[in-house]
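Reader: I am new to protein models and would like to learn how to read one. Could you take me through some features step by step?

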Amino acid sequence: MSINTKHQKKLREVFKALKERVDELTSEQIKRGYQQRNELISHVYSGYNNDEKLLAKKKEWETVGLEQRTVNWIYALMRGKRDLYGYFENPQEITSELQNLIKQSEEKELFEIANILNKWRLKMIET
């Protein structure tokens, strides 16, 4: 197996894992949204005394949403770099673009996004 074939196989595995993760996170975000709504109802019935619980549910929903949007963006990036046969054209562009976004995220102090991007970038370059 040539290096290019190994790299293509690795990219296809990461691409599949990204799709699965997007689906998991979408489901999780919906679940967290319902939990947040239920906590809001509980907050109202408590006479507005459950601020901490409501804020915790909101934070959980936002965290899952951030990861879901970031992973979905990486998935869309990779999908756009595939040819008709499912091979990734110029795969170095994918990792290069991720590296640039990681740098931009760190400069803007968006460390959570940088961490998610880097996690998937590393999976693409592992041998």
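## Reading pockets, helices and salt bridges

Author: Gladly! Please keep in mind that this is a predicted model. Let us start with the lining of the largest pocket, whose residues divide into five nonpolar, three polar and two charged.

Reader: How does one find a pocket, and which residues line the largest pocket here?

Author: The general idea is friendly enough: rolling a probe the size of a water molecule over the atoms shows where empty space is left. In this model, the lining of the largest pocket consists of Arg69, Thr70, Trp73, Leu101, Gln104, Ser105, Lys108, Leu110, Ile113 and Leu117. The volume of this pocket is about 170 Å³.

Reader: Which helices supply at least two residues each to that lining?

Author: Three helices do so: H2 (51-80), H3 (91-107) and H4 (111-125).

Reader: What span does H2 reach from its first C-alpha to its last?

Author: To read a helix, compare its span with the expected one. H2 has 30 residues and reaches 43 Å, which is close to the 44 Å expected at 1.5 Å a residue.

Reader: Which residues of H2 are buried?

Author: Here a cut-off helps: a residue is called buried when its relative accessible area is under 20%. The buried residues of H2 include Leu54, Val64, Gly65, Glu67 and Gln68. Thr70 is also among the buried residues of H2, and Thr70 is one of the residues lining the largest pocket as well.

Reader: Now for salt bridges. How many does a search of the whole structure find?

Author: The general idea is that side chains of opposite charge can pair when their charged atoms come close. The search of the whole structure finds nine salt bridges. In one of them, Lys31 pairs with Glu28, with the closest N and O atoms 3.8 Å apart.

Reader: Where do Lys31 and Glu28 sit in helix H1?

Author: Helix H1 covers residues 3-45, and because Lys31 and Glu28 are three residues apart in it, about one helical turn separates them. Lys31 is partly exposed, at 42% relative accessible area, and Glu28 is partly exposed too, at 21%.

Reader: What is the distance between the closest N and O atoms of Arg32 and Glu28?

Author: Arg32 forms a salt bridge with Glu28 in which those atoms are 2.7 Å apart. Both residues lie in H1, four residues apart, about one turn of the helix. Arg32 counts as partly exposed, with 21% relative accessibility.

Reader: Which parts does the pair of Glu93 and Lys81 tie together?

Author: Their side chains meet in a salt bridge, at 3.1 Å from N to O. Glu93 lies in helix H3 and Lys81 in the loop between H2 and H3, so the pair ties together parts that are 12 residues apart in sequence. Glu93 is partly exposed, with a relative accessible area of 35%. Elsewhere, salt bridges that share partners join Glu28, Lys31, Arg32, Lys57 and Glu60 into one network.

Reader: One last feature: backbone angles. What is the phi of Asn90?

Author: When reading phi, look at its sign and at the kind of residue. Asn90 has a phi near 50°, a positive value in a residue other than glycine. Asn90 sits in the loop between H2 and H3 and counts as partly exposed, at 39% relative accessibility.

Reader: And is Glu109, which has a positive phi, buried or exposed?

Author: Glu109 counts as exposed, at 59% relative accessibility. Its phi is about 60°, although Glu109 is not a glycine, and its place is the loop between H3 and H4.

Note on methods:
Residues are numbered from 1 along each chain as its sequence is written. This is a predicted model: local features need pLDDT of at least 70, side-chain atom pairs count only at pLDDT 80 or more; totals for chains, interfaces and linings use all residues. Side-chain values use heavy atoms; hydrogens and water are left out. On a 1 Å grid over the protein atoms alone, a cavity is a set of points where a 1.4 Å probe fits but cannot get out, and a pocket is an open set with protein on both sides within 12 Å along at least five of seven lines; lining residues have an atom within 4 Å of a point. Grid points are joined across faces, edges and corners, and a volume is the space filled by probe spheres set on the points. Ala, Val, Leu, Ile, Met, Phe, Trp, Tyr, Cys and Pro count as nonpolar, Asp, Glu, Lys and Arg as charged, and the others, Gly among them, as polar. The expected span of a helix is 1.5 Å times one less than its number of residues. Buried means under 20% relative accessible area, exposed over 50%, partly exposed in between (1.4 Å probe, protein chains only). A salt bridge is a side-chain nitrogen of Lys or Arg within 4 Å of a carboxyl oxygen of Asp or Glu.
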